[in-house]
Structures are given as C-alpha cells and as structure tokens.
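Thanks for making time this morning. I would like to walk through one structure with you, going from its sheets to its helices and then to the empty space inside, so please keep the picture open while I talk.

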Amino acid sequence: MNSIREDALYIADEAIKAVLPENAVVSALQSKKFEGNVVLVAIGKAAWRMAAAAKEVLGDRISRGVVITKYQHSLGKIKGLEVYEAGHPVPDENTLKATEIALELVKNLSEKDTVLFLVSGGGSALFESLREGVTLDDLADITQKLLNSGANIVEINTVRKHLSKVKGGGFARLVQPAKVFSLVLSDVLGDRLDSIASGPAYPDSSTSEEAINIVKKYGLNIPERIKRVLMLETPKTIDNVETKIIGSVGKVCEVAVKKAEELGYKATILTTTLDCEAKEAGAFLAAIAREISDFNSTFKRPCAIVLGGETVVHVKGSGKGGRNQELALSAAKGIKGLKGVAILSVGTDGTDGPTNAAGGIVDGTTVVRLKEKGLDIDSFLDNNDAYHALQAIGDLIVTGPTGTNVNDLILMLVR
C-alpha cells in the first residue's frame, strides 16, 4: 500500500495531466474550417504547448504566428512561428516587444482572415501594449502593489485592462475586420472570459469607475496621470470573436475525485471557487481534518476532500513563498499530531509565487519535524516564509513548469 503522501502526489499528478492543453486544442481544431489566412497568436504559460498542438493539426494553414510565454516555459522552436519569453507576474520590456510583434502580424487582415488566439493563464502579464501616458515602470509598480495588497485576480485585471490597448476586448478591436477564433484554458474562478488573461478578445464588463474604486479600496498611491488613464473606457461590444473554453479547474477537480476513488477513497469536491486568504484556507481544512479524525463528521474515512480555486496572500513579511505553500504550512499547524492525514496544495502550472516550487504537502508530522530542526512554524508564517520552512523538511512540491495553468488544486486525504 502506498503512503498517504504518495497517494496525494499521484492524484495531483494525474489530475494535472488531464488538463494539459495538447489534446484539448487538437480536439477543438480538427473539425474547424478556416476561409482565408490563419494567423496564430498564443499567450500565457501554456502558450507553447497550445501553439505546438495547433501547428500539428493545421500545419501550413497557419501563415504566420507568435508565441509569448513565461521565461523557461518554452520547449524550443516551432516551425513557422516566432517564440518569445517574457516577464510574469510582472510584465517587462520583452512583454511589450513581443506584443508589438504580434500586433504587426495581425495588421491589414481581411474579413475572410482569422486570428487563431490561444489563451492561457499568465496572459495578463505576457501580452501588453500600454495606453499613451503609461510606462512599463508604472504598470510594474501598480501590479506589484495589487499583488502585495491581497487583491484578487479579477480586481487586478480590472485595473490592468483600463491601462491597456489590448486587454478588455482591445485586441479583438485591433484585428478587425478579421475574425478571432479563441481557445481558452481558464485560470479564473467561474471561467469569466472577460478576466482570463484580462480578456483581450472579449467584451469587458468592468468599468472605469470600478478600476478607480479598486485603487481606493487598497489605498494605492498612484499618480494623477494614471488615474486619468483609468477613466478611459474599454470595449463593451465585440462581434468578430468566437470563443471556446477547453480546460478549467473544474476538470482538474473531477479527475482528482476519479483517481482518489480508484485508490479507495470516498471523494468529494468541496468547491471549485476557493477564494480567500491562504492561511485561512489552510486553517479551515485542518479543522475539517480534526473533525474527521474524531469521527465527528459527515465525511467518513478513508476520504478525499478536493478543492479548486485561487487563494491570496497579504504579504506582510520579507520571506519567500507562494499561496499554495502558505496554505499548506498553515494547515500543518492545525493537523499537528494527527495520523493518516495529508494536505496538498499545488499550482497546476507548476509555479507558486516567485519560487521554483509548485506548492507543498504536509501531514501530522510536519510541525514536529520543523521543531526537531529548531524551527518555529509561527515565525515562518508571520514572515510569509513558507518556502524555507517546507524546504527544510522536504515538504515542498517541485514539478517544474507543467505546460498548463488552471488555478490551484487543493487535496486533503484522511484514512
């Protein structure tokens, strides 16, 4: 029999494999007919894999194309396509350069032509052309402030859309009169198409007033000239786009349940829209684990509790980590001493915050093992330093880039 930790890692690995984009892209394109030229633009952490799959299906029907992905997320050259890597989660000069190249490729298209737009999480940082009066330093500063404030992804994207020429439906407008066929790998809770990658090819439901209110809500100190740009509205209607969602966190959770049941666990999806502080989510899961361990729960052992979503971290310390690592370390505190319990939290893209880890896995011995090394869990949590705590005892999960990105998977096993 595998250990409970081995079971958790196996379930997570199989669930993530199920949303690798290749099969979904191939399936979506096999029966699709294109009339004129096809120009490919792929953006996001999964852009390379999505583009490679599209090229495999369509071959020379793709006349030209650009792939823009995160550093170290490219797997090499793709014949007939230009591949660029750029900054994430904060855009950089390569973001702007690669985006301008993409915009040049889609200029002067006819109404018979189609832009095959492949979108995955991370596109907000990787695809950007700024409105007049906004600099890259401005955008980087505002993005970092929003990330540190605890703002959720929808709020962050609302602000970024109003500073951009391509976000919030702007890209679709720029390629008119050509059509856009968009395949989307969702990393946004509820699969909101106007928020995924900040919706470059979808009508924007957010308003300038909302963008200004988010800045006020989190007390961001930004220049008046930026506030004036935020007041510019985004497109509310677009008629040249067809969109299909080809993967989401719901699919990951469904496969996790299936794999857990194959291993003999009674599996339940608790939510696919987890959206709260990472520490609070960890403490909540630990509380459920204690109830189950005391035989005082509707969940009966052996059981698997599956959650999908995306927590946030309000950064107060100077440590290193990410939301999944912080969730796991917080949970470890609450399950100290419990036997037969494992809690895993992982980013499906293989990266968690500004680290090389995908997340963490903890059990009832995690706190004890830290203490044996003279390490205090509370000091690490207070300093937002989950990475070094988990690294010290072998509880980090390091997968490398997975090639997909559909939020986070959180899994608790009790047996």
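Before I describe any packing, a word on terms: contact here means heavy atoms within 4.5 Å. Axes are lines fitted to C-alpha atoms, for helices over the stretch in contact, and angles run from 0 to 180 degrees between N-to-C directions. Helices (H or I, at least four residues) and strands (E, at least two) are DSSP runs, numbered from the N terminus, and two strands pair if DSSP finds at least two bridges between them.

What you see is a predicted model, in which local features need pLDDT of at least 70 and side-chain atom pairs count only at pLDDT 80 or more, while totals for chains, interfaces and linings use all residues. Residues are numbered from 1 along each chain as its sequence is written, and side-chain values use heavy atoms, with hydrogens and water left out.

Let me begin with the parallel sheet. Six strands make up this open sheet, in the order E3-E2-E1-E4-E5-E6, and their pairing is parallel. The edges are taken by strand E3 (82–86) and strand E6 (241–247), each with a single partner strand, so one side of each is left without a neighbour in the sheet. On average, and ignoring direction, neighbouring strands of this sheet are turned by 15° against each other. Within the sheet, strand E1 (residues 38–43) pairs with E4 in the parallel sense over six bridges, and valine 41 stands opposite phenylalanine 117 in E4.

Two helices belong to this part of the picture. Helix H4 (residues 93–105) lies across E1, E2 and E3, and runs at about 165° to E2. Helix H3 (residues 47–58) lies across E1, strand E2 (62–70), E3, E4, E5 and E6, with a direction at about 160° to E2.

The loops around here deserve a careful look at their backbone. Glutamine 72, in the loop between E2 and E3, has a positive phi of about 70° although it is not a glycine. In the loop between E3 and H4 we find proline 89, and the peptide bond that leads to it from histidine 88 is cis, with omega near 10°. A cis peptide bond also joins arginine 301 and proline 302, with omega about -5°, and proline 302 has its place in the loop between H12 and strand E8 (303–309).

That loop brings us to the mixed sheet. It is an open sheet of six strands in the order E7-E8-E12-E9-E10-E11, with mixed pairing. Strand E7 (266–274) and strand E11 (396–397) stand at its edges, each with a single partner strand, so one side of each is left without a neighbour in the sheet. E7 and E8 run parallel and are joined by six bridges, with alanine 267 opposite alanine 304 in E8. H1 packs on this sheet and touches strand E9 (341–347), strand E10 (359–363), E11 and strand E12 (408–414), its direction making about 150° with that of E12. H12, for its part, lies across E7, E8, E9 and E12, running at about 20° to E12.

Helix H12 (residues 278–293) also packs against helix H13 (residues 323–334), at an angle of about 40° and with the axes 7 Å apart. Among the residues that make the contact are Ala278, Leu285 and Arg290 of H12 and Glu326, Leu327 and Gly334 of H13. By class, the residues of this contact divide into seven nonpolar, three polar and four charged, where Ala, Val, Leu, Ile, Met, Phe, Trp, Tyr, Cys and Pro count as nonpolar, Asp, Glu, Lys and Arg as charged, and the others, Gly among them, as polar.

Finally, where is there empty space? On a 1 Å grid over the protein atoms alone, a cavity is a set of points where a 1.4 Å probe fits but cannot get out, and a pocket is an open set with protein on both sides within 12 Å along at least five of seven lines; lining residues have an atom within 4 Å of a point. Grid points are joined across faces, edges and corners, and a volume is the space filled by probe spheres set on the points.

The structure holds one cavity of 30 Å³ or more, and about 70 Å³ of space lies in the largest cavity. Its lining includes Phe117, Val119, Ser182 and Thr243, and has eight nonpolar, three polar and no charged residues. The second largest pocket has about 190 Å³ of space, and helix H1 (residues 4–17) gives the most to its lining, with five residues.
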